[in-house]
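Reader: I keep running into labels like "oblique" and "exposed" and never know where they come from. Can we go through some on a real example?

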Amino acid sequence: MTSPEIAEVPEEEEIVEYLTPEESDQFKSLMLVGRLSGTFVVYGHKIKLETTTVEEDIQLGMLVKKYQDSYAFQRAYRTAMVAAFLREIDGRPLVQSLGSFIGDDSTSVETKFDKLKEYYPAVIDEMYDRVQELEKKLMPILSRLGKTSS
């Protein structure tokens with residue numbers, strides 16, 4: 001009888017050693033729950049942003065589709081991006097959904113988009129800049145990990 005071969009288990013790579021503690025936390029969050037969040041101050045108000053899920057991306061795309069060939073497309077796109085990323089303003093959700101009373105805090109991108117249409121462009125533009133800032137936070141981390149081509 002021959003003995004079975006024992007496969008050598010490769011050692012796990014120490015990815016964390018290349019990251020700062022803050023970046024390590026961000027990366028763990030991205031890997032474990034697929035999101036990255038940040039709090040920013042916009043005109044004296046704290047806003048909490050969080051990267052979007054695939055569902056939110058799809059909602060965003062369907063929402064701006066009707067503006068595709070119009071002068072309003074850029075404004076609609078920026079507003080929809082903010083709606084998709086925005087979680088809180090000054091510690092409170094933008095729209096208080098009925099579900100939040102039973103523990104479901106999800107609010108559709110369209111509902112938040114409709115509410116944000118009441119805001120002025122200067123505020124939306126500033127929030128959109130923070131959305132881009134949050135997205136850019138990932139780039140150096142992913143680049144060092146070899147996950148992006150940039």
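Author: Sure, and keep in mind that this is a predicted model. Let's start with helix 3 (residues 73-85) and helix 4 (residues 109-116), which pack at an angle of about 120° with their axes 8 Å apart.

Reader: Why is helix 3 called oblique to helix 4?

Author: Set the angle of about 120° against the cut-offs: roughly perpendicular is 65 to 115, and roughly antiparallel is over 145. The angle fits neither range, so helix 3 counts as oblique to helix 4. The crossing of the two is right-handed, by the way.

Reader: Which residues meet where helix 3 touches helix 4?

Author: From helix 3 you get Ala76, Thr79, Ala80, Val82, Ala83 and Ala84, and from helix 4 Val109, Lys112, Phe113 and Leu116. Sorted by class, this contact has eight nonpolar residues, one polar and one charged.

Reader: What makes helix 2 and helix 4 oblique to each other?

Author: Helix 2 (residues 54-65) crosses helix 4 at roughly 50°, and their axes come within 9 Å. Roughly parallel needs an angle under 35 degrees, and roughly perpendicular begins at 65. Roughly 50° falls in the gap, so this pair is oblique too. Helix 2 brings Glu56, Gln59, Leu60 and Leu63 to the contact, while helix 4 brings Val109, Glu110 and Phe113. That gives four nonpolar, one polar and two charged residues.

Reader: OK, on to the loops. Why does Tyr43 count as exposed?

Author: Exposed means over 50% relative accessible area. Tyr43 has 54%, so it counts as exposed. You'll find Tyr43 in the loop between strand 1 (37-42) and strand 2 (45-50). Tyr43 also has a positive phi of about 50°, although it is not a glycine.

Reader: And why is Asp90 called partly exposed?

Author: Buried is under 20% and exposed is over 50%, with partly exposed in between. The relative accessible area of Asp90 is 41%, so Asp90 is partly exposed. Asp90 sits in the loop between strand 3 (86-89) and helix 4. Asp90 isn't a glycine either, yet its phi is positive, about 50°.

Reader: What does the whole chain look like, from the N terminus on?

Author: The elements run α-β-β-α-α-β-α-α, with five helices and three strands. Of the 150 residues, 33% are buried. The chain exposes about 10700 Å², and carbon and sulfur atoms supply 53% of that.

Notes:
Residues numbered from 1 in each chain as written. Predicted model: local features only at pLDDT ≥ 70, side-chain atom pairs only at ≥ 80, totals over all residues. Heavy atoms only, no water. Axes fitted to C-alpha atoms, helices over the stretch in contact; angles between N-to-C directions. Helix = DSSP H or I, 4+ residues; strand = E, 2+ residues; numbered from the N terminus. Left-handed = near helix turned anticlockwise from the far one by under 90°. Contact = heavy atoms within 4.5 Å. Nonpolar A, V, L, I, M, F, W, Y, C, P; charged D, E, K, R; others polar. Buried < 20%, exposed > 50% of the residue type's maximum accessible area, 1.4 Å probe, protein only. Areas by Shrake-Rupley, 256 points an atom, 1.4 Å probe, with all protein chains shown as cover.
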